[in-house]
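This report examines one protein chain, beginning with a single loop residue and proceeding to helix packing and the overall fold. The sequence and structure are shown below.

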Amino acid sequence: MHMQFEDLSGKVVLVTGASKGLGKAMAVEFNRYGAKVAANYNASREKAQELKKDNPEIEIFKADVSDRKQVRDMIGSIIATFGRIDIIVNNAGVWKLQAFEEFDESAFERMWRVNLLGAVYTTLEALPYLKKNGGSIINIASNAGVGTAANGTTLYAITKASLIMLTKRLAFELGQYGIRVNAIAPGWTKTDLTVGGRSSDEVDQLESYFRSRSELHTIGSPEDIARLAVYLGSDYSRFMTGQVIVIDGGRVDNLTHSL
Ligand SMILES: NC(=O)c1ccc[n+]([C@@H]2O[C@H](COP(=O)([O-])OP(=O)(O)OC[C@H]3O[C@@H](n4cnc5c(N)ncnc54)[C@H](OP(=O)(O)O)[C@@H]3O)[C@@H](O)[C@H]2O)c1
């Protein structure tokens, strides 16, 4: 007999940044396991509409997560639609590759506001609802935030390291309400974020570089990350909080402390 994975029907999940990439895969996967999905987007309206068209049960909600008022309004609309929120996935994120010494203030500020404050605002506004029945908060960090290195990612990495500390501290503060808080630290996955605007030769080069950096000689897919998010959202992980789960095929510089 095969064991069925936890059925999530009755749960409502908000995935921020779900118009493409990892967030889209998570919205689809949570929907597949029976959760009611609120998929947030900001700029990519058409892609969000496509997601809705392909998955009619998913509802889409526009908000810039770096703007607290927009986040508050979005949470209000989700409650009006679904009546509750049980799981939030703070996934919306941006990066700008830049050498530390070429510090670009506005790009850094954008990363900081979306990657960190976006998670802070979403969590703050969803908390009154999560507190009602307990819940799960999943922060999408990065293996860059735990110490792996790639050129130009230092400033991005410190926003993700902050998200990891937020995860640990919120686990400490929110356990009393039955709210679990965990982070996923994915390795390099092909999405608009990592390969957008690059030629196919450049993408092939990047892919073979990251394959060579993985103990498994492979790269992950958005679905690999999404399945871990579903696990962390479900009661199968009821005994886990405050954890950072790296999912990167075993990055060589992480496991061996060498480049
Ligand atoms: N891909 C990787 O290799 C990798 C590795 C480690 C960690 N991550 C992290 O995983 C998350 C998803 O990355 P991805 O690779 O899937 O990137 P992506 O394909 O570029 O998607 C990013 C998503 O974030 C949304 N977003 C950006 N700014 C937003 C804002 N202000 N408000 C609301 N949504 C916003 C985008 O929505 P709109 O386009 O609609 O604005 C989009 O849906 C990010 O936090 C990223 O840092 C990715």
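His217 is placed in the loop between helix H7 (200-212) and H8. In this predicted model, the phi angle of His217 is near 55°, a positive value in a residue other than glycine. Most residues other than glycine have a negative phi. His217 has 12 other C-beta atoms within 10 Å and is therefore exposed, since a residue with 12 or fewer such neighbours falls in that class.

A second loop residue, Ala149, is found between strand S5 (135-140) and helix H5 (154-174). Because 14 C-beta neighbours lie inside 10 Å, Ala149 counts as partly exposed. Ala149 and Asn254 are 105 residues apart along the chain, and their C-alpha atoms are separated by 8.7 Å.

Val28, by contrast, belongs to helix H1. With 20 other C-beta atoms within 10 Å, Val28 is buried, because the class begins at 20 such atoms. Val28 also takes part in a pairing across the sequence: Glu223 is 195 residues away along the chain, yet the C-alpha to C-alpha distance is 9.1 Å.

The three residues are set out together by burial class.

| Residue | C-beta neighbours within 10 Å | Class |
|---|---|---|
| His217 | 12 C-beta atoms | exposed |
| Ala149 | 14 C-beta atoms | partly exposed |
| Val28 | 20 C-beta atoms | buried |

Helix packing is considered next. How do the axes of H1 and H8 cross, and within what distance do they come? The axes of H1 (residues 21-32) and H8 (residues 222-233) cross at roughly 50° and come within 8 Å of each other. This angle makes H1 oblique to H8, and the crossing of H1 past H8 is right-handed. On the H1 side, the residues that meet H8 are Gly21, Leu22, Ala25, Met26, Glu29 and Phe30. Their counterparts in H8 are Pro222, Glu223, Ile225, Ala226, Arg227, Ala229, Val230 and Gly233. Sorted by class, this contact comprises nine nonpolar, two polar and three charged residues.

A further helix pair is formed by H4 (residues 105-133) and H5, which pack at an angle of about 15° with axes 9 Å apart. H4 and H5 are therefore roughly parallel to each other, as angles under 35 degrees fall in that category. H4 passes H5 in a crossing that is right-handed. From H4, the contact draws on Phe108, Met111, Trp112, Asn115, Leu116, Ala119, Val120 and Thr123. From H5, the residues met are Leu155, Tyr156, Thr159, Lys160, Ser162, Leu163, Leu166 and Leu170. In terms of class, the contact of H4 with H5 contains 11 nonpolar, four polar and one charged residues.

At the level of the whole fold, the secondary structure of the chain consists of nine helices and seven strands. The radius of gyration is 18 Å, close to the 18 Å given by the globule rule for 259 residues, so the chain is as compact as a globular protein of that length. The C-alpha trace spans about 50 × 45 × 40 Å along its principal axes. Of the 259 residues, 44% count as buried. Among contacts with a separation of 6 or more, 71% are accounted for by residues 24 or more positions apart.

Conventions:
Residues numbered from 1 in each chain as written. Predicted model: local features only at pLDDT ≥ 70, side-chain atom pairs only at ≥ 80, totals over all residues. Helix = DSSP H or I, 4+ residues; strand = E, 2+ residues; numbered from the N terminus. Rg over C-alpha atoms; globule rule 2.2 N^0.38 Å. Contact = placed C-beta atoms within 7 Å. Axes fitted to C-alpha atoms, helices over the stretch in contact; angles between N-to-C directions. Parallel < 35°, antiparallel > 145°, perpendicular 65-115°, else oblique. Left-handed = near helix turned anticlockwise from the far one by under 90°. Nonpolar A, V, L, I, M, F, W, Y, C, P; charged D, E, K, R; others polar.
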